[in-house]
There are 2 protein chains.
Amino acid sequence: MKTLEEIHDEIINGHLYYLRNVSIDNVIFGYHNKELKVLLQRPQGIHKWVLSGGYIKRTESIDEAAKRIARERTGLDDLYLTQFMAFGNPDRTTDPDIPTRLISKLVNIKDAKDFWMFDYFVSIGYYTLTEFELVKPNGEFNMEECQWWDIKKLPPLLFDHREILVAAFKAMRLHLYHYPIGYELLPHKFTLPEIHTLYETILGKKLDSRNFAKKLISTGIIKKLNERRNIGPHRSPFLYIFDKVKYDKALKNGMVLAI
Amino acid sequence: MKTLEEIHDEIINGHLYYLRNVSIDNVIFGYHNKELKVLLQRPQGIHKWVLSGGYIKRTESIDEAAKRIARERTGLDDLYLTQFMAFGNPDRTTDPDIPTRLISKLVNIKDAKDFWMFDYFVSIGYYTLTEFELVKPNGEFNMEECQWWDIKKLPPLLFDHREILVAAFKAMRLHLYHYPIGYELLPHKFTLPEIHTLYETILGKKLDSRNFAKKLISTGIIKKLNERRNIGPHRSPFLYIFDKVKYDKALKNGMVLAI
DNA sequence: ATTTAATATGTAAATTATACGTAATAATTT
DNA sequence: AAATTATTACGTATAATTTACATATTAAAT
């Protein structure tokens with residue numbers, strides 16, 4: 001947690017530590033119990049929500065910046081972030097509800113417009129998908145709220161953040177067919193119905209369970225164990241684990257999952 | 001063409017007109033007569049080559065900037081540019097052969113390092129594909145050469161430009177299966193063998209001509225004419241044109257071309 | 001009329017994807 | 001102990017798609 005002094009310094013002198021005119025926006029998707037959500041924050045005094053964004057330090061790569069920013073927001077260190085698109089036009093961060101007032105007050109600035117923070121920023125979009133029970137949502141200093149929103153019931157978003165979110169969602173759904181998911185989302189040992197439900201939730205459609213299992217198993221990224229999960233008064237499903245070697249290879253080189 | 005005065009002003013005061021720390025790099029692929037090439041420039045006094053890059057004006061979007069920069073380099077106004085990735089890490093533009101000397105001399109700067117131009121830049125990568133006979137290669141003011149290079153015999157590249165080029169090439173090959181190409185590359189009326197060769201050249205592999213024709217025609221993006229091209233002492237192939245409405249729809253919404 | 005080198009075209013086989021139903025089972029209830 | 005309940009496990013037949021492949025046609029030159 002940053003001190004107020006550090007925050008004040010960052011607001012005033014941020015352009016000395018951070019790159020100007022280029023920033024990161026992270027779309028943090030959370031999955032839990034058949035629900036897909038996205039982490040949003042609401043700036044103080046504003047009634048629209050924003051993605052978790054941040055600036056790039058002069059000493060770090062854009063991938064590192066995205067990871068640091070995601071860590072600050074979620075407390076998680078092992079997020080797998082995917083860069084999907086850059087957004088940049090002079091109007092992208094104009095909005096009648098632009099939240100400059102608060103910061104202007106914090107640092108006693110006459111005209112926030114003169115300020116590095118409110119300049120034209122090109123934003124590099126990353127997304128990640130995580131188990132949302134693991135996350136301690138932790139808003140930025142000037143945020144009034146930080147919470148998960150169901151992907152189907154989004155609140156009004158500030159700036160072009162809805163456009164970014166939608167682009168991330170589309171990119172994620174496409175990536176699903178070429179890269180594995182689930183390692184950070186499911187327990188170490190999971191059942192076929194669990195991973196099946198995960199895919200159905202993200203894609204927002206039913207997948208035939210027999211065909212899904214056949215295809216997923218044929219990729220080699222999961223291995224069947226000789227154990228079952230006790231799920232109460234029903235037949236006990238077998239447990240599976242990810243074959244981490246093949247999983248990582250598929251993350252790196254891609255695969256085909258024609259579900 | 002810019003005057004020397006304008007250039008001098010841009011070098012000194014560029015940060016007033018352009019965004020800092022974020023730039024565009026265009027990978028300009030050129031196709032002609034069964035050859036796929038890429039447009040590169042060689043900075044004065046340096047023996048490595050660079051992509052055509054540029055800065056983003058404070059008044060334009062990144063897409064507009066990419067288009068303007070590509071126009072400056074090729075003289076062409078109707079290039080279709082595709083954003084494929086952003087590149088950013090503190091070392092990406094360090095190189096033992098870094099071409100600061102020339103510019104330092106031009107503007108009488110003691111230490112080029114203090115200069116906005118030689119700061120850490122995050123670069124947004126775009127690629128385009130054009131008929132290279134149409135292009136008048138036109139290097140930037142401080143470039144000694146600007147020419148097409150065969151994609152299979154690249155010269156040494158400066159900075160991370162080889163990485164960017166390779167990423168663009170991969171992205172282009174992938175896009176080929178989901179978006180149409182050819183409109184800017186082929187004559188208005190073209191034959192099946194011509195478009196077949198285009199795809200083979202870009203993909204770098206043989207495609208069965210019967211199956212290729214079947215699949216391409218089934219997308220609906222080309223229409224057969226009742227005319228033939230005279231190609232000398234051989235059977236005259238039929239001419240085709242693009243169905244521009246369907247072509248543009250496929251550019252926008254994607255398509256499947258399972259070649 | 002012959003030669004040459006290119007274009008045009010269709011089908012059978014192989015592969016892949018889809019659709020679909022029933023038996024097994026774990027714990028709870030009766 | 002038997003019955004109930006809700007869930008998992010599993011295989012095959014059909015449809016759709018993709019792949020492989022060979023011959024007749026033709027335009028101009030000789």
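The legends below describe close-up views of a predicted model in which two protein chains meet two DNA strands.

**View 1. The two protein chains, A and B, are related by a rotation.** In general, two copies of a chain are related by a rotation about an axis and a shift along it. Here chain B is superposed on chain A by a rotation of 180° with 0.0 Å of shift along the axis, and the RMSD of this superposition is 0.0 Å. The two copies are therefore related as by a two-fold rotation axis. Of the interface residues of chain B, 100% are also interface residues in chain A, which means that the copies meet through the same surface.

**View 2. Helices α5 and α6 of chain A pack against each other.** Helix α5(A) covers residues 192–203, and its axis comes within 11 Å of the axis of α6(A), with a crossing angle of roughly 100°. Because angles of 65 to 115 degrees count as roughly perpendicular, α5(A) and α6(A) are described as roughly perpendicular to each other. On the side of α5(A), the residues in this contact are Leu192(A), Ile195(A), His196(A) and Tyr199(A), and they meet Ser209(A), Phe212(A), Ala213(A) and Leu216(A) of α6(A). Sorted by class, the contact of these two helices holds 6 nonpolar and 2 polar residues, and no charged residues.

**View 3. Helices α5 and α6 of chain B pack against each other.** In chain B, helix α5 again spans residues 192–203, and it packs with α6(B) at an angle of about 100°, their axes being 11 Å apart. These two helices, α5(B) and α6(B), are therefore roughly perpendicular to each other. From α5(B) come Leu192(B), Ile195(B), His196(B) and Tyr199(B), while α6(B) brings Ser209(B), Phe212(B), Ala213(B) and Leu216(B) to the contact. By class, the contact of α5(B) with α6(B) consists of 6 nonpolar residues and 2 polar ones, with no charged residues.

**View 4. Residues of both chains surround DNA strand C.** There are 22 residues around DNA strand C, and those that come nearest are Arg210(A), Asn230(A), His234(A), His234(B) and Phe238(B). The surface near this strand is made of 6 nonpolar, 6 polar and 10 charged residues. Helix α6 (209–219) of chain A and helix α6 (209–219) of chain B each supply at least two residues of that surface, and α6(A) gives the most, with 4 residues.

**View 5. Polar atoms of the protein approach the bases and a phosphate of DNA strand C.** Of the atoms of DNA strand C that lie within 4 Å of the protein, 50% belong to sugar or phosphate, and the rest belong to bases. At the bases, a polar backbone atom of Pro233(A) is 3.1 Å from a base nitrogen of DNA strand C, and a polar side-chain atom of Arg235(B) is 2.7 Å from a base oxygen of this strand. At the phosphate, a backbone N or O atom of Phe238(B) lies 2.6 Å from a phosphate oxygen of DNA strand C.

**View 6. Residues of both chains surround DNA strand D.** Around DNA strand D there are 22 residues, of which His234(A), Arg235(A), Phe238(A), Asn230(B) and His234(B) come nearest. Sugar and phosphate make up 53% of the atoms of DNA strand D that come within 4 Å of the protein. The residues of the surface near this strand comprise 6 nonpolar, 6 polar and 10 charged ones. Helix α6 of chain A and helix α6 of chain B each contribute at least two residues, and the largest share, 4 residues, comes from α6(B).

**View 7. Polar atoms of the protein approach phosphate and base atoms of DNA strand D.** A polar backbone atom of Phe238(A) is 2.6 Å from a phosphate oxygen of DNA strand D, and an N or O atom in the side chain of Lys215(B) is 3.0 Å from a phosphate oxygen of this strand. At a base, the contact involves Pro233(B), which has a polar backbone atom 3.2 Å from a base nitrogen of DNA strand D.

Notes. Residues are numbered from 1 along each chain as its sequence is written. Chains are lettered from A and ligands numbered from 1 in the order in which they are written. This is a predicted model: local features need pLDDT of at least 70, side-chain atom pairs count only at pLDDT 80 or more; totals for chains, interfaces and linings use all residues. Side-chain values use heavy atoms; hydrogens and water are left out. A residue is near a molecule or strand if one of its heavy atoms lies within 4 Å of it. A polar contact is a pair of N or O atoms within 3.5 Å; within protein, one must be able to donate a hydrogen and the other to accept it, and residues adjacent in sequence count only if both atoms are side-chain atoms. Ala, Val, Leu, Ile, Met, Phe, Trp, Tyr, Cys and Pro count as nonpolar, Asp, Glu, Lys and Arg as charged, and the others, Gly among them, as polar. Axes are lines fitted to C-alpha atoms, for helices over the stretch in contact, and angles run from 0 to 180 degrees between N-to-C directions. Angles under 35 degrees count as roughly parallel, over 145 as roughly antiparallel, 65 to 115 as roughly perpendicular and the rest as oblique. Contact means heavy atoms within 4.5 Å. Copies are superposed by least squares on the C-alpha atoms of residues with pLDDT of at least 70 in both.
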